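Me: Please take a close look at the ligand site in this model. I would like to know what holds the ligand's oxygen atoms and what else surrounds the ligand.

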Amino acid sequence: MSAFAYRHGALHGETVDLAAIAAAIGTPFYAYSANAIRAAYRAYAAAFAPLGAEICYALKANDNLAVVAVLAREGSGADVVSEGELRRALAAGIPARRIVFSGVGKTESEIAFALDCAVAQINVESAPELDAVARIARAKAKRAPVALRVNPDIDAGTHAKITTGTAENKFGIAFEDAPALYRRAAAMPELALKGLAVHIGSQLVDLAPYRAAFGRLAALARAILAEGLALERLDLGGGLGIRYAGETPPTVASYARLVAECVGSLGCALTLEPGRSIVGEAGVLVGRVLYVKDGATRRFVIVDAAMNDLIRPALYDAHHDILPLREAPGAARARADIVGPVCESSDTFARARDLPPLEAGDLLAFASAGAYGAVMASTYNSRLLVPEVLIDGDRFALVRPRMTYAEMLARDRIPDWLAVDPGDDSARA
Ligand code: LLP
């Protein structure tokens, strides 16, 4: 059951009335359910326990320290793609020995920082990056734990902007180059070569692309093992889809069965990097209707949340269910476009959506916004980053306050030569 459900006609997160949060902190805001996050993590932990897999939550989906702390308490590891994410994982209590550092373009200082922290593994995505890691490790008189991320050239069948595993994508080492690079890496004294990694895309609602990719990975692993080279770990990435618009994504249990089938007999330790499927359905974005405008051909419901708060509809044409905070059972539905205040036509959450009648002041929630929501927010149009709230049973806490205008303005500097005395009109001649 979803953590967000109607109770006595009011949409709740666990047992907290979302309207009460709106009254306390204003709108828009993100709300996350700690118990939904725990349940999603535990589903992975239980399904993959027989395979002994390490679950490394991908922070890119939601990097709020409180969210990561929920997972740290569960024993989760982390998949990070920047020094910032690495610092967040550590700050939230995830030990470095459970952290994998991924990403196609790590800087020298990021690699150095990761080695200083003694992360479990650095997933290397190119030959020059491999050399950089070795060089930095040598300078520090350390051995860098690395895995090679290979590109299996499998189309994940997901949105083009979140497909990562085809030869056309920038990610990973070309499959045919992998054996030679693996041999080279195995011979480098500065490296402790752990194994291989793949990640083919995100929001997969079908297991077939995984089967194809893991099949190729297993064949490569067998060839490497047959050469007598060490290969102790396979990192299978993330990507399992969630429900946005009535999809039926595979269960974690069926995913685990597939993994067992494809790579179970290799005797390698496993790592998984799920992001969206841990936090996606555990979060909503709540906004308030500002105006209802009947245009020449369409009705527009203008809300106070916008594309800068949740960019997925604008960027990927993503669907998010829209739930009025007050249930209106039996009310006739009216068709409308749900739009934000930003000055772009792409600032549209939904087109021609049939919703119960909405009026100014009504609150509504955008569902399945726990992943790739707040993390992708910006201050476009000089809008303040919105607050985030963690609900845990019957309590809630503000886990990121709303940005203030003072904070926003304080980030910029006007150079001396442009500084004007506000009272001196002559300077503006
Ligand atoms: N591991 C690697 C190497 C990744 O690149 C990703 C996601 C993950 C793990 C986690 O994948 P997940 O389990 O969350 O699917 N902003 C897009 C999604 C981008 C995903 C990028 N990589 C969206 O809003 O749909």
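Reply: In this predicted model, a backbone N or O atom of Arg276 is 2.8 Å from an oxygen atom of the ligand. The protein covers 91% of the 580 Å² of accessible area that the ligand has on its own. Side chains also come into play. Ser202 places a polar side-chain atom 2.3 Å from an oxygen atom of the ligand. For His199, the distance between a side-chain N or O atom and an oxygen atom of the ligand is 3.5 Å.

The shell around the ligand consists of 18 residues, and the closest are Ser202, Glu273, Arg312, Tyr316 and Tyr372. Ser202 thus appears both in this closest group and in the contact at 2.3 Å. By class, the shell divides into six nonpolar, six polar and six charged residues.

As for the space itself, the ligand sits in the second largest pocket. Apart from pockets, the structure holds two cavities of 30 Å³ or more. The second largest cavity contains about 40 Å³ of space. Its lining includes Leu272, Pro274 and Ser277, along with Tyr44, Tyr210 and Tyr255. That lining has six nonpolar, four polar and no charged residues.

The largest cavity has a volume of about 60 Å³. Among its lining residues are Arg299, Val301, Ala334 and Leu358. By class, eight residues of this lining are nonpolar, none is polar and one is charged. β15 (299-303) and β17 (334-339) each supply at least two of the lining residues, and β17 gives the most, with three.

Key:
Residues are numbered from 1 along each chain as its sequence is written. This is a predicted model: local features need pLDDT of at least 70, side-chain atom pairs count only at pLDDT 80 or more; totals for chains, interfaces and linings use all residues. Side-chain values use heavy atoms; hydrogens and water are left out. On a 1 Å grid over the protein atoms alone, a cavity is a set of points where a 1.4 Å probe fits but cannot get out, and a pocket is an open set with protein on both sides within 12 Å along at least five of seven lines; lining residues have an atom within 4 Å of a point. Grid points are joined across faces, edges and corners, and a volume is the space filled by probe spheres set on the points. Helices (H or I, at least four residues) and strands (E, at least two) are DSSP runs, numbered from the N terminus. Ala, Val, Leu, Ile, Met, Phe, Trp, Tyr, Cys and Pro count as nonpolar, Asp, Glu, Lys and Arg as charged, and the others, Gly among them, as polar. A residue is near a molecule or strand if one of its heavy atoms lies within 4 Å of it. A polar contact is a pair of N or O atoms within 3.5 Å; within protein, one must be able to donate a hydrogen and the other to accept it, and residues adjacent in sequence count only if both atoms are side-chain atoms. Accessible areas come from the Shrake-Rupley method with a 1.4 Å probe; for residues, only the protein chains shown count as cover. A molecule sits in a cavity or pocket if more than half of its atoms lie within 2 Å of its grid points.
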